[in-house]
Structure formats: C-alpha cells, structure tokens
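Subject: Structure for your review

Dear colleague,

Please find below the structure that I am handing over to you. My notes on its salt bridges and on one of its helices follow.

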Amino acid sequence: MSTVDTTRARRGRMGRLGAAAGVHAVLLAYTIIAIFPVLIVVLNSFKNRRGIFTEPLALPRTETFSVEGYATVLTEGNFLLYYSNSLIVTVVSLFLILLFGAMAAHALSEYRFKLNALLGVYLILGIMVPIRLGTVAILQLMVDLSLVNTLISLILVYTAQGLPIAVFILTEFMRTLSRDIKDCARVDGLSEYRIFFEVVLPLVRPVLATVAVFSMIPIWNDLWFPLILASSDATKTVTLGVQQFIGQYTVNWSAVLASLSIAILPVLVLYAIFSRQLISGITAGAVKG
Amino acid sequence: MAQLVLQDVRKRFGKVEVIHGVDLEVKDGEFVVFVGPSGCGKSTLLRMIAGLEEVSGGDVVIGDERMNEVAPSDRGIAMVFQSYALYPHKDVYGNMAFALRHAGEDKKVIDERVRKAADILGLEDLLKRRPKELSGGQRQRVAIGRAIVRDPAIFLFDEPLSNLDAALRVQMRVEILRLHQRLKTTMVYVTHDQVEAMTLADRIVVLRDGRIEQVGTPLELYHHPKNQFVAGFIGSPRMNFLPARAAGEGRVTAAGSGPIEMPVEPRAEAGELTLGIRPEHVEMVAPGQGTVAGEVLVAERLGGETFLHVELDGKETVVVKADGGVTQKPADRVGLRFPPEALHLFGGDGQAFARRERQGVIA
Ligand SMILES: Nc1ncnc2c1ncn2[C@@H]1O[C@H](COP(=O)(O)OP(=O)(O)OP(=O)(O)O)[C@@H](O)[C@H]1O
Ligand SMILES: [Mg+2]
C-alpha cells in the first residue's frame with residue numbers, strides 16, 4: 001500500500017518535473033528565436049561592410065571590427081533629432097494614453113449613468129478597427145488643421161490608436177477594485193478628481209505599467225504614420241530616419257544596423273522602468289519601501 | 001447633539017424599490033444595530049445615511065439638518081467598512097491622518113489626534129506599518145482608528161467584524177462596546193449576526209426586505225417579538241415553531257398535545273395558529289409525562305450544553321437545549337414539557353399575540 005503510494009507520488013513528481021522542463025524548453029526556444037535577429041543586428045553594427053557580408057554570423061574580429069556605422073549615424077544626417085522626435089512622440093503619446101485611458105476607465109467602472117454600456121463599447125470598438133484604415137481621412141483632417149509635418153499630428157494619432165485597448169484593460173481591472181475604498185475617500189472629503197488621482201491611480205499602477213509596455217512598442221516602431229504625416233526633415237522619427245541610409249542603389253548597412261541598435265536602447269530603458277513599476281506595484285506594502 | 005432621524009426613507013435602483021419607507025429615530029449617544037438576513041437592505045440604508053447612496057424618497061436628518069443633498073464628508077459621520085478599505089499605499093499613520101490632512105488641519109492637531117486614537121486602540125507600535133503588514137484584527141483596528149480621528153458625530157459600521165475569525169470577533173466586539181462607553185457617540189452598526197446585535201445594541205432594528213419589522217431593546221425583541229420573523233431571527237438556536245389549533249378558553253393544542261393554557265391576550269383569529277417556544281425553554285421529562293413526546297434524532301454535544309433534535313410523534317422536529325451531561329442518545333424516547341409562561345403564539349399572518357407578562361424587559 002505504502003510502496004504503491006510512494007511510487008505514485010514519485011511518478012507524480014517526475015511528471016511535474018517533466019512538464020516544467022517541457023515548458024522551459026519551449027520558452028527557451030522562443031527566447032532564442034526572438035533574440036537571435038536582434039543579436040545579429042547588434043553584432044553586425046560593430047563590423048565594417050566587408051565583415052557584414054563575408055561572415056554575417058561571426059563575432060566582430062580585429063580585422064572586421066569597426067564603429068564606422070555609429071560614426072556615420074552620429075555625424076551625418078540629423079539622427080539625434082530623429083531620435084528625440086521618436087522619444088517625444090512615444091513618451092507624450094504614452095502619457096496621454098495612460099491618463100485618458102485611466103480616466104475613461106474610471107468613469108465607466110465607477111459611475112452609473114445612462115448609455116454607460118454603450119459608451120464603453122464605443123470606446124473599445126477601436127480595438128477591432130485598425131486605425132490605418134482611416135489614413136486618408138486622418139491625412140485630410142491633419143491638412144485641414146495645418147498639423148501636417150508636426151509631431152502633434154503623430155501624438156494625436158498614436159493616442160487615438162492606443163486608447164481603446166487601454167480603456168478596455170483598465171476598465172476590466174478597475175471593476176475589480178473595492179468600492180469601499182473609494183467610498184471611504186468620499187467620506188474623507190476627497191473630490192472625485194482627487195479620488196481618481198490619489199486613490200485609484202496608485203491602486204492600478206501595475207496595470208498602467210502593463211498597458212504602457214505594450215502600447216509603447218507599436219508607437220516606437222511605426223513607420224506608416226511618420227511617412228505619411230510627418231516626413232519633413234524636422235519631424236522624422238528614427239524608423240523613418242533610418243531610411244536615408246537605404247538608397248535606391250546602395251545601402252549603407254553599417255549605418256542602418258547602427259541606427260537600429262541605438263533605436264533599441266530607449267525601448268529597453270522604458271521597459272526597464274515600467275517593469276520595475278510592475279513588480280513594485282505587485283509587491284507594494286508587502287516589502288517595506 | 002447628533003440624533004439621527006429617518007423619515008419614510010426609500011431607495012430605488014432603477015425601477016426596483018429595495019427600501020420601502022423606513023421611519024426611525026436614533027437618539028444622541030445611542031448604539032443602534034441594524035440586523036436582518038442577507039439582501040434585506042441594511043447596507044443600502046447605512047449608505048444612505050452616509051450619503052454614499054442617493055435617497056429616492058423621504059428625508060435623512062442628522063442633528064437638526066436635512067442631509068439628503070449634503071456630501072458625505074459634511075455630514076459629521078465616519079464609516080467603517082467590512083473590507084477595512086485602508087489605503088494600501090499609505091502607512092497606518094498616513095491612513096489615520098489622511099482625512100484631516102485633506103481638510104487642511106494643523107499638523108500638531110493631526111498628530112495629537114492620531115496618537116490619541118492609536119492609544120485607545122493599542123496601535124502605537126504599528127504606526128509605520130503598511131496595511132499589508134497587518135493582521136486582520138489590526139487592520140480593522142486601524143479602520144476604526146481612522147474613524148475616531150475624524151471625531152464624528154455618528155459612527156457608521158457596516159459588518160466590521162465579519163471578515164475576522166470567531167475568537168477575534170468576540171474580542172473586537174468587546175472593544176467596540178468599550179469604545180462606545182468611552183466616546184458616548186451615536187453609533188449605527190450593521191450586522192447579520194444576531195449575537196453581535198444582542199450584545200452590542202441599545203436598540204436593535206430588525207429589517208426584512210427593505211422594511212422594519214421591529215425596533216426595540218435586545219430583551220424586548222427576545223421576549224416580545226412582534227411577529228414570527230423576528231421571533232425566529234433573534235435567539236440561537238432559533239425558536240421552535242409548531243402548527244397549533246385553538247382549543248377554546250385561551251387554550252391551544254399543538255403537535256398532539258392536550259390543551260395548553262397560553263399566556264397571551266386573546267384575539268379573534270380564524271386562521272392557522274403557530275406555537276413558538278425557544279430551545280432553552282423546553283424541559284426534558286420522562287416519556288409519557290410533559291406536553292408532548294418524541295424520539296431523539298440527533299444529539300449535538302457542545303460540552304457545556306447539548307442540543308437535542310427531537311422528532312415528535314406528529315413528525316415535527318423540536319430542538320431542545322439541555323444540560324451538557326444528558327445521557328439521551330438518538331432513538332431514545334423522551335417527553336418534553338412546554339412551560340406555559342415561555343410560550344409564544346402567532347396568528348395565520350405571522351403576527352404575534354401580545355404576551356401577558358412583560359418579563360425581563362429592561363425599558
Ligand atoms: N447598486 C445596486 N444596484 C441594484 N440593486 C442593488 C444595488 N445595491 C444593492 N442592491 C439591491 O438592494 C438590496 C439590498 O442590498 P444590501 O446590500 O443593502 O443588502 P444587505 O442587507 O446589506 O445584505 P448583506 O447582508 O448581504 O450585506 C439587494 O436586493 C440588492 O440586490
Ligand atoms: Mg451589506
């Protein structure tokens with residue numbers, strides 16, 4: 001009886017171990033596949049042209065090592081300007097998405113009013129309709145508003161693009177917040193705005209970080225709207241700026257790879273910031289801070 | 001003076017009315033407990049007093065002022081919630097000081113009041129902790145402390161103890177009682193636990209389906225319930241009910257008994273009657289003696305006392321609270337005596353017959 005039990009228990013443990021190993025194998029494989037191209041880009045950005053073409057998968061050696069790509073990027077063209085354009089657009093859009101998304105979600109989850117459900121559906125309908133379908137109308141609108149070739153046009157479009165999913169996720173999460181704590185703040189005399197900023201926002205911080213992380217990437221990487229709405233030299237973003245090294249007949253690969261490598265950096269930094277928020281949000285109160 | 005008056009207070013959610021006109025006066029310094037089954041509207045009523053729920057009809061008056069449209073923070077109330085509702089990102093001190101800081105109170109005054117409240121509740125050593133680092137009892141104490149700091153005219157409690165384990169609940173109950181004795185502030189307390197209601201209340205308000213069934217002191221409700229609902233709700237284990245039949249001259253028969261003299265004012269009643277007797281009033285006697293006879297189904301032994309579930313010959317079940325040492329086992333036959341002075345009688349509509357002796361009532 002007891003031997004049967006122990007063998008079964010052992011088999012159970014082995015089974016669990018096997019399952020865990022399987023999961024990890026899959027995750028590992030996925031990680032390698034995902035990181036590999038990025039790694040190749042970064043590696044090759046430190047090689048000269050010959051190195052890139054003759055041995056694309058090798059580490060840079062003394063003969064092939066070169067930072068000519070970085071030199072080109074930093075001296076030629078307005079790369080720093082493009083860079084700051086991208087940063088401004090991304091950060092401002094993110095801020096607006098999080099602020100308005102959270103406010104809308106708070107209103108939808110907290111207040112009973114007529115057409116609440118309908119408004120909710122309307123706000124998140126954008127998840128199903130790609131914003132690019134409206135490109136022509138958006139362009140016309142921007143022309144009418146004289147916003148073509150301004151960063152504002154990009155910020156507006158990205159905010160609109162990011163809001164639906166932000167509203168959706170934040171609403172679902174805010175519905176689960178305790179009603180008591182908001183009521184308590186009301187009894188304590190806080191205005192509805194202060195309840196939102198001082199009570200609700202701190203409580204949803206981890207979710208805000210999550211929304212921020214996956215709203216950020218498509219904005220940073222977008223080529224479509226910069227190309228259409230803000231292709232002037234003063235408003236180019238990084239993704240658009242890289243195109244200048246891709247000529248019709250020759251491509252300056254070192255420069256392209258170097259600019260792409262640099263472009264990865266801020267995303268990593270922002271991600272690091274948000275994911276720390278994420279973790280500190282989850283453990284808030286449990287760890288003395 | 002902070003008395004609280006409810007005048008024909010009603011609440012509708014959409015088209016559904018859940019509070020159907022409640023009239024109540026709570027005197028200054030009184031401890032009033034709302035009790036009733038789940039969904040009867042206790043929380044809704046309390047939230048209307050707090051101003052967290054709009055009043056659909058009638059008036060809420062605190063002091064001498066009609067409060068229907070007054071913001072919760074201006075009503076002079078403080079509320080303690082079932083889920084504690086502490087601000088998780090603030091420490092204990094920050095939680096208790098929050099309302100005062102927000103009201104722009106002087107730092108010194110805040111510090112003084114927070115420390116006094118912490119002293120009353122024994123929270124001095126926890127002031128720097130976050131809510132997550134506290135036990136359930138400590139959290140509830142912080143929630144109460146937060147209410148004390150605001151120095152309200154009326155305390156509102158919505159099931160503050162129902163998230164605590166049994167032992168802690170008893171302890172906190174005593175603390176709340178002592179708090180009331182010390183502060184002498186008006187308190188309105190919601191619970192569905194009738195033991196809490198009996199032990200805490202100056203007066204109990206029994207609610208059912210958005211209506212007040214009865215208001216009275218705990219002993220008034222225990223000895224003179226107005227109807228079958230209140231009789232069944234107050235007291236544990238609940239009162240036994242047996243179908244009864246009038247036998248003339250103020251007597252009834254129930255469950256195969258002979259005619260029993262009833263201690264109630266006679267009243268013309270045509271319909272079915274119900275006889276009520278509390279488990280603690282049923283006496284066990286030898287089979288063949290007593291009012292009725294039956295067979296023990298189950299014996300629940302708690303050590304100090306035993307609850308015997310007895311199936312009468314008419315198939316009704318009666319719960320008897322007996323001594324801890326009784327030897328009766330399941331399937332044993334027993335006789336049960338119903339002392340006439342302990343009996344209750346209810347008409348077909350559930351309304352109680354007025355009992356003659358107003359025994360043990362503290363007015
Ligand atoms: N926001 C709301 N919308 C619609 N109906 C509601 C709302 N809040 C409460 N109700 C209804 O009002 C009635 C009373 O609810 P309430 O919360 O006051 O009950 P309660 O006595 O506090 O019950 P419990 O002991 O379970 O807390 C219930 O039938 C409930 O379904
Ligand atoms: Mg309730």
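**Salt bridges and a helix face**

E110(A) is a buried residue, with a relative accessible area of 17%. Please bear in mind throughout that this is a predicted model.

The salt bridges come first. Over all chains, the structure holds 27 of them. In one, the side chain of E110(A) meets that of R186(A), at 2.8 Å from N to O. R186(A) lies in helix 8 (residues 179-187) of chain A and E110(A) in helix 4 (residues 79-110) of chain A, so this pair ties together parts that are 76 residues apart in sequence. R186(A) has a relative accessibility of 15% and therefore counts as buried, because the cut-off for a buried residue is under 20%.

A second salt bridge joins D183(A) to R47(B), whose closest N and O atoms are 2.6 Å apart. This pair crosses between chains, running from helix 8 of chain A to helix 1 (residues 42-50) of chain B. D183(A) is buried, at 2% relative accessibility, and R47(B) is buried as well, with a relative accessible area of 5%.

A third salt bridge links R194(A) and E198(A), at 2.7 Å from N to O. The two residues are four apart in helix 9 (residues 192-221) of chain A, so about one helical turn separates them. R194(A) is partly exposed, with a relative accessible area of 35%, and E198(A) is likewise partly exposed, at 25%. As for shared partners, salt bridges join E110(A), R112(A), K182(A), D183(A), R186(A), E192(A), R47(B) and E53(B) into one network.

I turn next to helix 6 of chain A, which spans residues 135-144. Which of its residues are buried? They are T135(A), I138(A) and M142(A). Seen down the axis of helix 6 of chain A, the buried residues fall within an arc of 60°, so they line one face of the helix. These buried residues pack against helix 7 (151-175) and helix 10 (224-229) of chain A. The face turned away from the buried side carries V136(A), Q140(A) and D144(A), which are exposed. After helix 6 of chain A comes S146(A), with a positive phi near 55°.

With kind regards

Conventions. Residues are numbered from 1 along each chain as its sequence is written. Chains are lettered from A and ligands numbered from 1 in the order in which they are written. This is a predicted model: local features need pLDDT of at least 70, side-chain atom pairs count only at pLDDT 80 or more; totals for chains, interfaces and linings use all residues. Side-chain values use heavy atoms; hydrogens and water are left out. A salt bridge is a side-chain nitrogen of Lys or Arg within 4 Å of a carboxyl oxygen of Asp or Glu. Buried means under 20% relative accessible area, exposed over 50%, partly exposed in between (1.4 Å probe, protein chains only). The arc is that of the directions from the helix axis to the C-beta atoms. Contact means heavy atoms within 4.5 Å.
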